[in-house]
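Student: I've got this model open and I'd like a close look at one part of it. Could you walk me through the sheet and the pieces packed around it?

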Amino acid sequence: MAGDREVVAMDCEMVGLGPFGESGLARCSLVDLHGTVLYDKFIQPDGEIVDYRTRVSGVTPRHMEKATPFTEARQEVSDQICDLCPQPCKIPRLACVGSTRVWRSLLASPAHP
């Protein structure tokens, strides 16, 4: 069986942004193989939220009041994933379900160009 930190699941909740309702990240959660929460924060996406998609996402305007700015959250998630890797940091093989665009936007940081 894989080690505790060799398997990490990510779940993201999205909201609609701007005039076309483009998806923006509003919450990101990481858990390990045993369900231990490694990261779980509401994230203030770049852009104006026009649809919270609460029925599906569970996100409300109240959650955004103290949400972490996207650029800060991106670095935090990148650091969490990087901590799982041997040094020098290499992104592990990722089995992604859903939007790979979310992965790319979260991992597009100085540590992961």
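Tutor: Here is a walk through the sheet, strand by strand, followed by the parts around it.

Keep in mind that this is a predicted model. The chain has four helices and five strands, and along the sequence these come in the pattern β-β-β-β-α-α-β-α-α. Of the 113 residues, 34% are buried. If you take the contacts with a separation of 6 or more, 55% of them link residues 24 or more positions apart.

Now the sheet itself. It's an open one, built from five strands in the order 4-1-2-3-5, with mixed pairing. Strand 4 (49-51) and strand 5 (68-69) sit at the edges with a single partner strand each, so each has one side without a neighbour in the sheet.

Start at the strand 4 edge. Strand 1 (residues 8-17) and strand 4 run antiparallel and are joined by two bridges. If you want a residue to click on, try Gly-16, whose bridge partner in strand 4 is Asp-51.

Jump across to strand 2 and strand 3, and you find an antiparallel pairing again, this time over five bridges. Val-31 stands opposite Val-37 of strand 3 here. The two strands make a hairpin with four residues between them, and Gly-35 in that turn has a positive phi of about 85°.

Strand 3 also pairs with strand 5, and that pairing is parallel, over two bridges. Look for Gln-44 there: its bridge partner in strand 5 is Pro-69. That parallel pair, next to the antiparallel hairpin of strand 2 and strand 3, fits the mixed label on the sheet.

What lies across the sheet? Helix 3 does: it crosses strand 1, strand 2 (22-32), strand 3 (37-44) and strand 5, and runs at about 165° to strand 3. Helix 3 covers residues 70-83, so to speak fourteen beads on a string: 14 residues reaching 20 Å from the first C-alpha to the last, close to the 20 Å expected at 1.5 Å a residue. The buried residues in helix 3 are Phe-70, Ala-73, Val-77, Ser-78, Ile-81 and Cys-82. As a reminder for reading that list, an α-helix has 3.6 residues a turn, so residues three or four places apart point the same way.

Next, a pair of cysteines that might catch your eye. The sulfur of Cys-28 is 4.2 Å from the closest cysteine sulfur, the one in Cys-12. Why is there no bond between them? That 4.2 Å is too far for one, because the cut-off for a disulfide is 2.5 Å between the sulfurs. By this rule the disulfide count comes to zero, and Cys-12 is in none, with Cys-28 holding the nearest cysteine sulfur. Both residues are buried, but check the values: Cys-28 is at 0% relative accessibility, while Cys-12 has a relative accessible area of 19%. The limit for buried is under 20%, so Cys-12 makes the cut.

Now follow the chain on from the strand 4 edge. Arg-53 lies in the loop between strand 4 and helix 1. Its backbone is worth a click, since Arg-53 has a positive phi of about 50° although it is not a glycine. Arg-53 counts as partly exposed, at 26% relative accessibility.

A little further on you reach Ser-57, in helix 1 (residues 54-57). Is Ser-57 buried or exposed? Buried, because its relative accessibility is 10%, under the 20% limit. Its side chain reaches the backbone oxygen of Tyr-52 at 2.8 Å and the backbone nitrogen of Val-59 at 3.0 Å. Leaving out residues up to four places away in sequence, Ser-57 touches Glu-13, Met-14 and Tyr-52. Glu-13 and Met-14 fall within strand 1, residues 8-17, so these contacts tie helix 1 back to the sheet.

Last stop, Pro-61, which lies in helix 2 (residues 61-64). Pro-61 is partly exposed, with a relative accessible area of 46%. Pro-61 and Ile-49 are twelve residues apart along the chain, and their C-alpha atoms are separated by 9.1 Å.

How values were computed:
Residues are numbered from 1 along each chain as its sequence is written. This is a predicted model: local features need pLDDT of at least 70, side-chain atom pairs count only at pLDDT 80 or more; totals for chains, interfaces and linings use all residues. Side-chain values use heavy atoms; hydrogens and water are left out. Buried means under 20% relative accessible area, exposed over 50%, partly exposed in between (1.4 Å probe, protein chains only). A polar contact is a pair of N or O atoms within 3.5 Å; within protein, one must be able to donate a hydrogen and the other to accept it, and residues adjacent in sequence count only if both atoms are side-chain atoms. Contact means heavy atoms within 4.5 Å. The expected span of a helix is 1.5 Å times one less than its number of residues. Two strands pair if DSSP finds at least two bridges between them. Axes are lines fitted to C-alpha atoms, for helices over the stretch in contact, and angles run from 0 to 180 degrees between N-to-C directions.
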